[in-house]
Amino acid sequence: MPAAGSMLRRALDDGQRQVRLSILGSVEHNFFTNGSAELFDCAGQGRLDAFFLGGGQIDGHANVNLVGTGEYPHSKVRWPGSFGSSYLYYMVPRVILFREEHSPRVFVNKVDFISAPGISDPEVHRPGGPVALLTGKALFTFDKARPGFVLESIHPGHNLGDIRTATGFAFAHADEPAITLIPDAATLSLLRGRVLDELAESYPAFAAEWRSDLATKTSERATA
């Protein structure tokens with residue numbers, strides 16, 4: 001999702017700092033040499049500025065479920081598990097939630113299992129937490145004071161009605177929400193070229209699906 005890049009730049013002091021991006025699971029683009037242990041150490045030392053975190057379910061309080069659906073421990077569907085998501089959610093100052101699929105089965109009123117809580121009691125030491133949610137339809141920010149999500153912009157091709165129908169929790173929004181800016185030609189070329197090629201190392205299925213979608217759209221434009 002092209003908006004992810006702009007979201008990260010906004011999270012890192014309005015783009016004035018050099019971004020060093022690590023892709024977990026990558027050989028070439030993961031600068032940690034001791035796996036998760038080093039990642040967690042860096043988070044605890046305050047050396048991570050931002051972290052992208054997905055989830056099988058996400059609710060209106062930014063709670064994330066990575067365990068499964070149904071009443072635990074008799075979950076009907078099981079996912080990989082929480083791993084260190086809760087720790088990173090507490091320690092990294094700016095956690096950007098993301099999920100390409102934007103539907104009521106993902107964005108629910110209340111998650112079936114809390115792998116990582118979006119909010120904490122005031123007396124709990126928590127330097128980190130959610131700042132935004134990026135989906136295939138829209139971009140939200142997270143207001144810790146409410147607490148809850150605020151719709152920042154809608155991706156082209158969608159409208160407020162679409163977002164409401166696809167979202168299982170209430171969110172704040174302007175009367176006429178902004179439209180997410182379309183990336184320029186140079187950015188699109190970078191994403192569909194070098195970025196896609198390098199992502200294929202760690203996420204081959206995702207890269208193959210992306211290439212298939214691009215080929216389909218190119219074919220449709222050629223026959224239109």
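In helix α2, the residues Leu39, Cys42 and Ala43 are buried. Seen down the axis of α2, these buried residues fall within an arc of 100°, so they line one face of the helix. The model described here is predicted. This briefing begins with α2 and proceeds to the nonpolar cores, the sheets and the backbone geometry.

**Helix α2 and its surroundings**

- The cover over the buried residues of α2 includes α3.
- Helix α2 spans residues 35–44 and α3 spans residues 85–91; each gives two or more residues to the largest nonpolar core.
- After α2 comes Gly46, which has a positive phi near 75°.

**Nonpolar cores**

- The largest nonpolar core contains 31 residues, and Leu97 and Phe149 have the most contacts inside it.
- Besides α2 and α3, the elements that give two or more residues to this core are β1, β6 (94–99), β9, β10 (148–154) and α4 (160–166).
- A second, separate core consists of 7 residues, including Ile23, Leu196, Leu199 and Ala207.
- When residues up to four places away in sequence are not counted, Phe149 touches Asp59, Gly60, Ala62, Leu97, Leu133, Phe140, Thr141, Phe142, Phe169, Phe171 and Ala172.
- Leu97, one of these contacts of Phe149, is the other residue named for the most contacts inside the largest core.

**The sheet of 6 strands**

- An open sheet with mixed pairing is formed by 6 strands in the order β1-β6-β8-β9-β10-β11.
- At the edges stand β1 (50–53) and β11 (178–179); each has a single partner strand, so one side of each is left without a neighbour in the sheet.
- Strands of a sheet pair through backbone hydrogen bonds, in either the parallel or the antiparallel sense.
- Strand β8 (residues 130–135) runs antiparallel to β9 (residues 138–143), and 3 bridges join the two.
- Within this pairing, Ala132 has Thr141 of β9 as its bridge partner; Thr141 is also among the residues that Phe149 touches.
- Strands β9 and β10 are likewise antiparallel, joined by 6 bridges.
- Leu139 stands opposite Ser153 of β10.
- The connection from β9 to β10 is a hairpin through 4 residues.

**Strand β10 and the crossover to β11**

- Strand β10 is mostly covered, with 5 of its 7 residues buried.
- The pairing of β10 with β11 is parallel and comprises 2 bridges.
- In this parallel pairing, Ile154 stands opposite Ile179 of β11.
- Together, β10, α4 and β11 make a right-handed β-α-β unit.

**The sheet of 3 strands**

- A further open sheet has 3 strands in the order β3-β2-β7, again with mixed pairing.
- Its edge strands are β3 (64–65) and β7 (107–108), each of which pairs on one side only.
- Strand β2 (residues 57–59) pairs with β3 in the antiparallel sense over 2 bridges.
- Here Gln57 stands opposite Asn65 of β3.

**Backbone geometry in the loops**

- Most residues other than glycine have a negative phi, and most peptide bonds are trans. The residues below are listed with that background in view.
- Tyr72 and Pro73 are joined by a cis peptide bond, with omega about 10°.
- Pro73 lies in the loop between β4 (68–69) and β5 (77–78).
- A cis peptide bond also joins Arg146 and Pro147, with omega about -10°.
- Pro147 lies in the loop between β9 and β10, where the hairpin of 4 residues joins these strands.
- Ala62, in the loop between β2 and β3, has a positive phi near 65°.
- Ala62 counts as buried because its relative accessibility is 0%, against a cut-off of under 20%. Ala62 is also one of the residues that Phe149 touches.
- Phe83, in the loop between β5 and α3, has a positive phi near 50°.
- Phe83 is exposed because its relative accessible area is 74%, against a cut-off of over 50%.
- Ala62 and Phe83 thus both have a positive phi, but Ala62 is buried, whereas Phe83 is exposed.

Definitions and conventions:
Residues are numbered from 1 along each chain as its sequence is written. This is a predicted model: local features need pLDDT of at least 70, side-chain atom pairs count only at pLDDT 80 or more; totals for chains, interfaces and linings use all residues. Side-chain values use heavy atoms; hydrogens and water are left out. Two strands pair if DSSP finds at least two bridges between them. A nonpolar core is a set of buried Ala, Val, Leu, Ile, Met, Phe, Trp, Tyr and Cys residues joined through side-chain atoms within 4.5 Å. Buried means under 20% relative accessible area, exposed over 50%, partly exposed in between (1.4 Å probe, protein chains only). Contact means heavy atoms within 4.5 Å. A crossover is right-handed if, with the strands pointing away from the viewer, the path from the first strand over the helix to the second runs clockwise. The arc is that of the directions from the helix axis to the C-beta atoms.
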